[in-house]
Amino acid sequence: MSSLQKEVDERTNLTGTNRFELLLFRLGTDAALGKSELFGINVLKVREIVTMPAITPIAGAPKFSLGVVQLRDQVIPVYDLPAIIGCKLSAAPTLMLVTEYSRTTQAFTVESVEDIVRLDWNQVISAENTGTGPSLITSIARLAEGGDDGARLAQVLDVEAILQAITPEENRHQVDAREVGDKFTLKPGTVVLVADDSFVARALMEQTLKAMEIPYEMTKSGQEAWDRLNTLAAAAEAEGKTIHDKVCMMLTDLEMPEMDGFTLTRNIKQDARFSAMPVVIHSSLSGSANENHVRSVGANGYVPKFSAEELSSAIRKALGR
């Protein structure tokens with residue numbers, strides 16, 4: 001376990017290269033399939049891997065909550081990840097992942113931690129593109145070849161969807177139109193192009209943009225957004241216009257299949273057709289390292305998920321209003 005923890009601490013400097021580290025783990029036996037599957041989470045979201053401490057149950061806690069633990073003077077909630085995903089452990093859990101994302105810290109029980117693998121984002125396929133529809137996973141990672149069984153696959157967890165699943169219905173986040181301020185008027189015919197692989201994140205951004213009365217177009221990956229930009233640029237040129245007559249801003253996540261938000265932003269800023277286009281990065285990844293990378297690729301703003309008020313403010317600032 002100490003060597004894996006060392007990898008979590010040391011191997012987090014791949015952002016901006018369209019590569020990332022995936023922590024692989026198991027959650028027990030799948031209730032439907034009757035076998036153990038591999039799951040993954042970006043190393044940048046894992047603060048530490050710890051042996052299961054004593055958990056203090058909380059009276060009236062919501063479903064999937066096991067209680068709270070104290071780690072280094074911080075009290076954090078612990079959730080039964082196998083139960084959330086629909087798996088069953090053969091014995092009491094002995095490990096938990098402490099994660100930091102979307103401005104929150106929480107721990108999840110797991111059966112075992114298997115490995116850390118380095119992947120290109122083009123090895124990751126959107127779960128929605130596989131026909132599975134909205135779920136608790138955001139994508140499928142294709143790992144090294146697995147002999148007679150072909151390529152090994154790992155299900156990459158959708159952290160936004162998991163947070164929604166473990167939050168009581170009455171406390172789930174909904175955008176209040178009062179948080180986003182006055183209506184925002186764009187140049188006629190233009191839209192904000194959005195890229196995010198999480199259906200939960202897309203839904204929250206849609207609510208924000210609708211409340212601002214901003215026209216938008218949604219895409220599910222950096223590659224899809226990049227392809228769409230090029231298609232729109234070609235259409236604009238055929239009409240004697242520029243891309244800025246069709247797209248006024250890019251709003252992008254960082255972690256996405258095929259092409260990450262860092263690479264998408266760099267592509268935009270290094271292409272003369274798009275370089276003047278404002279780019280705002282909206283991500284559950286936070287911390288000074290990521291913010292430094294955001295600046296290095298030329299993004300015009302960075303907003304940690306999720307605050308409609310902060311997102312609205314970043315959009316207005318990027319568009320000079």
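**A tour of the largest cavity and helix α5**

By class, seven nonpolar, six polar and seven charged residues make up the lining of the largest cavity. The model under view is predicted.

Begin by selecting Lys45, Thr138, Leu157, Asp197 and Glu255; of the 20 residues that line the largest cavity, these lie nearest its centre. The space enclosed there comes to about 160 Å³. The model holds four cavities of 30 Å³ or more.

Next, colour the elements that supply the wall. At least two lining residues of the largest cavity come from each of β2 (36-42), β11 (137-145), β12 (151-157) and α3 (159-165). Of the contributors, β2 gives the most, with three residues.

Now move to helix α5 and select residues 222-238. How far apart are the end C-alpha atoms of α5? They are 24 Å apart, which agrees with the 24 Å that 17 residues should span at 1.5 Å a residue.

Within α5, display the side chains of Trp226, Leu229 and Leu232, and mark Gly222, Ala225, Ala233 and Ala236 as well; these residues are buried. They lie on the same side of α5, because they cover an arc of only 130° around the axis. The general rule is that an α-helix has 3.6 residues a turn, so residues three or four places apart point the same way.

To see what this side faces, add β13 (191-195), β14 (216-219), β15 (247-252) and α6 (261-270), against which the buried residues of α5 pack.

Finish at Gly240, which follows α5 and has a positive phi, near 75°.

Note on methods
Residues are numbered from 1 along each chain as its sequence is written. This is a predicted model: local features need pLDDT of at least 70, side-chain atom pairs count only at pLDDT 80 or more; totals for chains, interfaces and linings use all residues. Side-chain values use heavy atoms; hydrogens and water are left out. Helices (H or I, at least four residues) and strands (E, at least two) are DSSP runs, numbered from the N terminus. The expected span of a helix is 1.5 Å times one less than its number of residues. Buried means under 20% relative accessible area, exposed over 50%, partly exposed in between (1.4 Å probe, protein chains only). The arc is that of the directions from the helix axis to the C-beta atoms. Contact means heavy atoms within 4.5 Å. On a 1 Å grid over the protein atoms alone, a cavity is a set of points where a 1.4 Å probe fits but cannot get out, and a pocket is an open set with protein on both sides within 12 Å along at least five of seven lines; lining residues have an atom within 4 Å of a point. Grid points are joined across faces, edges and corners, and a volume is the space filled by probe spheres set on the points. Ala, Val, Leu, Ile, Met, Phe, Trp, Tyr, Cys and Pro count as nonpolar, Asp, Glu, Lys and Arg as charged, and the others, Gly among them, as polar.
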